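Reader: Hi! I'd like to go through this one with you before I set anything up. Could you put it on screen?

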Amino acid sequence: MIVCGIETSCDETAIALWSDEGLLGEALYSQIKQHRPYGGVVPEIAARDHLRILPECWQEVCRQTGVSIQDIDSFAYTAGPGLVGCLLTGQSFAQGLSIASGKSLQAIHHLEGHLMSVVIGEPDWHDTLKQLPPFLGCLFSGGHCMILAVSEWGKYEVIGSTCDDAIGEAFDKVAKMMGLAYPGGPELAKLAVSGQVVYDLPRPMIHSGDAMMSFSGLKTACRQVWLKSSKSDQVKADLAASFQAACVDVCVRKIKYAVDKTGIDRAVISGGVSANRLLRQSLSELSSQYGYNMVYPSLKYCTDNGAMIALAGWWRHKSGNMLSISDVRSRWPLASLGI
Ligand code: KG4
Ligand code: ZN
């Protein structure tokens, strides 16, 4: 069985093919260059670029794998959450392929894709995928920030989430304030390596006694430090290091809380921010201290990609749980999915 996955929820255009043997091939095009002059994603530019690039990605993936439209059993596309104009391009492209081939069309939840991304590239991906639940799903990205209890694939209960900004969004905004190029998260993390944690920034909601998070006040605290500073390269590096340390402290504490509350001591950390080295290092210290098991995607699959959508489509097709919805959704609670 072969499933084609199409991802267009934000600023990456991606198509991948997943078979019973694993990932067959993928094409990924990042729109970073188009959005960089604006310091963030411009939804209309993103949607138009998806339309322009999707046919090229499709041809590229067919050329790479030797697979043709008739060999594919199902066309899976990201139906949400994401930018509506962007989601519509992926949905329309998938619909076209499904109608042309007479094969099934299925909607995929972007965040289910991120959770499954941890097995991409693993030789035993199939067994690992089956054996992962129950686990805590920690989604730390530019648009999402939550901790879920996953009793089995398809069953998601939110344990905690951000009250305001997503963690990646806060990284991007603080980076932008310091004049770093979009997307600022990875740039800020790079800069932090040469800085010291010298600024005493707040750890919002760290003592709230739940898994709720907040990053907006931390962002404002950074702004106050920045405005009063000399804005030198050293200030930039130190502020980057201090901000990153505060974010990571919050994530570590909230994951510890979620483990204590649920008794589930395996956590899947995914989404763009799961690429952050300090986060991985701090979580590995937490794991060795308490005997937890932390699972991450390989660095290539932390950010948006088509392989995770193709894999989620493969799993839903294989287990008889394909989702079919007619609309696309900017917001789509993961807990409403079911199996
Ligand atoms: O998962 P993703 O590609 O898109 C969303 O679904 O949001 O995540 C992108 C986010 C951006 O905010 C980016 O700045 C952040 O992940 N990010 C990082 C790092 N790499 C990517 N944040 C902190 N440290 C990193 N190394
Ligand atoms: Zn994402």
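Author: Happy to; keep in mind that this is a predicted model. A good place to begin is ligand 1, which is surrounded by 19 residues. The closest are G142, G143, D172, G272 and N276.

Reader: Nice. Which helices each supply at least two residues of the shell around ligand 1?

Author: Those are α4, α6 (167–177) and α7 (184–192).

Reader: And what polar atom of D172 lies 2.5 Å from ligand 1?

Author: A side-chain one, and its partner is an oxygen atom of ligand 1. Backbone atoms take part as well: a polar backbone atom of G143 is 3.0 Å from a ligand oxygen, and for G185 the corresponding distance is 3.2 Å.

Reader: How much of the accessible area of ligand 1 does the protein cover?

Author: The protein covers 88% of it, where ligand 1 on its own has 560 Å².

Reader: Great, now the metal. Which residues coordinate the zinc ion?

Author: For the zinc ion (ligand 2), they are H110 and H114, each through NE2, and D304 through OD, at 2.0 to 2.1 Å. Along the sequence, these donor residues follow the spacing H-x3-H-x189-D.

Reader: Why are H110 and H114 separated by about one helical turn?

Author: Because they are 4 residues apart in helix α4, which runs over residues 110–116.

Reader: Are H110 and H114 buried or exposed?

Author: Both H110 and H114 are buried.

Reader: I'll be choosing metal parameters, so what about the geometry? Why is the arrangement around the zinc ion irregular?

Author: There are 4 donor atoms around the zinc ion (ligand 2), and their angles span 92 to 136°. To count as tetrahedral, all angles would have to lie between 85 and 135 degrees, so with an upper value of 136° the arrangement is irregular.

Reader: What are the ideal angles for four tetrahedral donors, again?

Author: The ideal is 109.5 degrees.

Reader: Switching to cysteines, for my topology file. How many disulfides does the structure hold?

Author: The count is 0. Take C145: its sulfur is 6.1 Å from the closest cysteine sulfur, which belongs to C251, and that is too far for a bond. C302 is in no disulfide either, as the nearest cysteine sulfur, in C138, is 13 Å away.

Reader: Are C145 and C302 buried or exposed?

Author: C145 is buried, with a relative accessible area of 3%. C302 is buried too, and its value is 0%.

Reader: Good to know. I also like to check the backbone before I start. Which peptide bonds are cis?

Author: One of them runs from G80 to P81, with omega near -15°. Another runs from Y182 to P183, with omega near -10°.

Reader: Where are P81 and P183 found?

Author: P81 is in the loop between β4 (74–80) and α3 (84–101), while P183 is in the loop between α6 and α7.

Reader: Last thing, phi angles. What is phi for M205 and K231?

Author: For M205 phi is near 60°, a positive value in a residue other than glycine. K231 also has a positive phi, of about 60°, and is not a glycine.

Reader: Where do M205 and K231 lie?

Author: M205 lies in the loop between α7 and α8 (216–228). K231 is in the loop between α8 and α9 (233–262).

Reader: And how accessible are M205 and K231?

Author: M205 counts as partly exposed, at 29% relative accessibility. K231 counts as partly exposed as well, at 36%.

Reader: Perfect, thanks!

Technical notes: Residues are numbered from 1 along each chain as its sequence is written. Chains are lettered from A and ligands numbered from 1 in the order in which they are written. This is a predicted model: local features need pLDDT of at least 70, side-chain atom pairs count only at pLDDT 80 or more; totals for chains, interfaces and linings use all residues. Side-chain values use heavy atoms; hydrogens and water are left out. Donors are N, O and S atoms within 2.8 Å of the metal (3.2 Å for Na, K and Ca); water is not among the atoms, so sites may look incomplete. Four donors count as tetrahedral if all angles lie between 85 and 135 degrees; four count as square planar and six as octahedral if opposite donors are over 155 degrees apart and all others between 65 and 115; anything else is irregular. Buried means under 20% relative accessible area, exposed over 50%, partly exposed in between (1.4 Å probe, protein chains only). A disulfide is a pair of cysteine sulfur atoms within 2.5 Å. A residue is near a molecule or strand if one of its heavy atoms lies within 4 Å of it. A polar contact is a pair of N or O atoms within 3.5 Å; within protein, one must be able to donate a hydrogen and the other to accept it, and residues adjacent in sequence count only if both atoms are side-chain atoms. Accessible areas come from the Shrake-Rupley method with a 1.4 Å probe; for residues, only the protein chains shown count as cover.
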